[in-house]
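Subject: A structure for you to explore

Hello,

Here is the structure I promised to pass on to you. Have a look at it first, and then read my notes below with the viewer open.

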Amino acid sequence: MKAEPFYVDGSTKMFGGFNRDFSGSEFVLIGVPFDGTSSYRPGSRFAPNAIREASSNIETWSWRTGIDLEEVKIHDLGDLAVVHGDASETIRRVGETVEDIVSAKKLPIVVGGEHLISLGVSKAIKDVTIISFDAHFDLREEYLSNKLSHACVMRRISEQGGQGKIIFCGVRATYRDEVNFVKEKRIPYLSALDVLRNDVHQTSSWLRKNLEGARRVYISIDADVLDPAYAPGIGNPEPEGISPTHLLDLLNNVIDDRVVGFDLVEVSPPYDNGNTAALASKIIFEVSSMIKRARG
Ligand code: MN
Ligand code: MN
């Protein structure tokens with residue numbers, strides 16, 4: 001793998017208490033400890049290791065899928081050597097590394113870090129419809145005079161050629177210009193209130209309908225989509241979020257064999273009491289089990 005020099009020291013990383021050989025794995029997990037543009041509560045650079053630690057201390061059975069994590073073959077590649085202060089170089093490295101994972105016919109699990117790193121993933125995974133679970137649209141033209149900010153990540157992805165549409169789910173923190181932009185561009189979205197007030201089956205069928213015609217699907221999970229009561233340790237807490245059960249039931253109803261990878265971003269351990277890291281590792285367990293089930 002040509003991206004190997006980008007990885008950190010040789011210390012062994014492990015997700016879920018197991019580490020498969022790269023060659024025998026279905027999924028390859030990579031940590032991206034970058035929080036260079038975090039504007040409110042930085043600290044997501046510590047999330048990959050906090051989530052790994054939590055993952056070794058929760059049980060492995062998935063009730064939704066009937067799969068034990070032990071059967072899900074995940075190789076933990078370790079953490080990318082990010083460049084603090086250089087977002088575009090970090091994005092480039094994420095892209096190259098994910099490209100290597102994909103060309104080895106593995107599914108990437110990218111653990112942030114802040115949301116900007118998804119821009120790097122999208123350089124490596126083209127022609128996908130993206131579902132963004134996030135309290136925010138992240139569609140700003142720029143934020144704090146910076147176009148390469150976590151608050152602009154979906155705007156930058158949408159400007160890249162060769163991508164399918166982006167579907168937003170769980171949005172609740174925005175402002176007028178962004179709402180006008182979304183309506184004008186006819187970007188499909190469900191607000192957090194839509195998710196909270198409707199039946200999960202209605203919401204799932206709305207999502208499935210919007211995925212009709214998609215050849216490949218990528219899932220981006222910004223942990224702030226969850227209510228801060230469940231996920232206190234995040235960069236930008238926003239009240240009235242959805243619950244972990246909403247999120248996982250929706251994913252369980254929507255994930256099929258078109259899903260080619262996912263990321264989980266914005267957990268900020270300095271603000272956590274441990275619950276957010278445990279929940280993040282649970283989400284990674286469940287989503288990888290769902291993808292495994294879908295792929296047979
Ligand atoms: Mn985000
Ligand atoms: Mn967000």
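Let's start with helix α5, whose buried residues pack against α4 (153–159) and β8 (189–191). Before going further, please keep in mind that this is a predicted model.

**Helix α5 and what follows it**

Which residues of α5 are the buried ones? In this helix, which covers residues 176–184, they are Glu 178, Phe 181 and Val 182. If you look down the axis of α5, these buried residues fall within an arc of 95 degrees, so they line one face of the helix. Turn to the other side of α5 and you will find Arg 176, Asp 177, Lys 183 and Glu 184, which are exposed.

Just after α5 comes Arg 186, in the loop between α5 and β8. Arg 186 is not a glycine, yet it has a positive phi of about 55 degrees. Is Arg 186 buried or exposed? Its relative accessible area is 76%, which makes Arg 186 exposed.

**The two manganese ions**

Now move to the metals. The manganese ion (ligand 1) is coordinated by four residues you can click on in turn: His 115 through ND1, and Asp 134, Asp 138 and Asp 222 through OD, at 2.1 to 2.2 Å. Along the sequence, the spacing of these donor residues is H-x18-D-x3-D-x83-D. His 115 sits in the loop between β5 (107–112) and α3 (117–124), while Asp 222 belongs to strand β9 (residues 217–222), so the pair ties together parts that are 107 residues apart in sequence. His 115 is buried, with a relative accessible area of 0%, and Asp 222 is buried too, at 2%.

What are the protein donors of the manganese ion (ligand 2)? They are Asp 134 (OD), His 136 (ND1), Asp 222 (OD) and Asp 224, which is listed with OD twice, and they lie 2.0 to 2.5 Å from the ion. Here the spacing along the chain reads D-x1-H-x85-D-x1-D. Distant parts of the chain are linked at this ion as well: His 136 is in the loop between β6 (129–133) and α4, Asp 224 is in the loop between β9 and α8 (244–254), and the two are 88 residues apart. Both His 136 and Asp 224 are buried.

How far apart are the manganese ion (ligand 1) and the manganese ion (ligand 2)? They lie 3.2 Å apart, and Asp 134 bridges them.

**Val 171, beside some of these donors**

Next, find Val 171 in strand β7 (residues 166–171). Leaving out residues up to four places away in sequence, Val 171 touches Asp 134, Ala 135, His 136, Phe 137, Leu 190, Ser 191 and Ala 192. With 5% relative accessibility, Val 171 counts as buried. You can also try the distance tool here: the C-alpha atoms of Val 171 and Asp 194 are separated by 9.2 Å, although the two residues are 23 residues apart along the chain.

**Two pockets**

The largest pocket has a volume of about 250 Å³. It is lined by 18 residues, and the closest to its centre are His 136, Arg 140, His 150, Ala 151 and Asn 236. So His 136 turns up again, having already appeared as a donor of the manganese ion (ligand 2). The lining of the largest pocket divides into 5 nonpolar, 6 polar and 7 charged residues.

The second largest pocket holds about 200 Å³ of space. Its lining is made up of Val 102, Lys 105, Lys 106, Leu 107, Pro 108, Ala 124, Ile 125, Arg 216, Val 260 and Arg 295. How many of these residues are nonpolar, polar and charged? There are 6 nonpolar, no polar and 4 charged.

**Two backbone details**

Please also look at the peptide bond between Gly 112 and Gly 113, which is cis, with omega about 10 degrees. Gly 113 is in the loop between β5 and α3.

Finally, Ser 145 has a positive phi of about 60 degrees without being a glycine. You will find Ser 145 in the loop between β6 and α4, where it is exposed, with a relative accessible area of 69%.

Enjoy exploring!

Best wishes

How values were computed: Residues are numbered from 1 along each chain as its sequence is written. Chains are lettered from A and ligands numbered from 1 in the order in which they are written. This is a predicted model: local features need pLDDT of at least 70, side-chain atom pairs count only at pLDDT 80 or more; totals for chains, interfaces and linings use all residues. Side-chain values use heavy atoms; hydrogens and water are left out. Donors are N, O and S atoms within 2.8 Å of the metal (3.2 Å for Na, K and Ca); water is not among the atoms, so sites may look incomplete. Helices (H or I, at least four residues) and strands (E, at least two) are DSSP runs, numbered from the N terminus. Buried means under 20% relative accessible area, exposed over 50%, partly exposed in between (1.4 Å probe, protein chains only). The arc is that of the directions from the helix axis to the C-beta atoms. Contact means heavy atoms within 4.5 Å. On a 1 Å grid over the protein atoms alone, a cavity is a set of points where a 1.4 Å probe fits but cannot get out, and a pocket is an open set with protein on both sides within 12 Å along at least five of seven lines; lining residues have an atom within 4 Å of a point. Grid points are joined across faces, edges and corners, and a volume is the space filled by probe spheres set on the points. Ala, Val, Leu, Ile, Met, Phe, Trp, Tyr, Cys and Pro count as nonpolar, Asp, Glu, Lys and Arg as charged, and the others, Gly among them, as polar.
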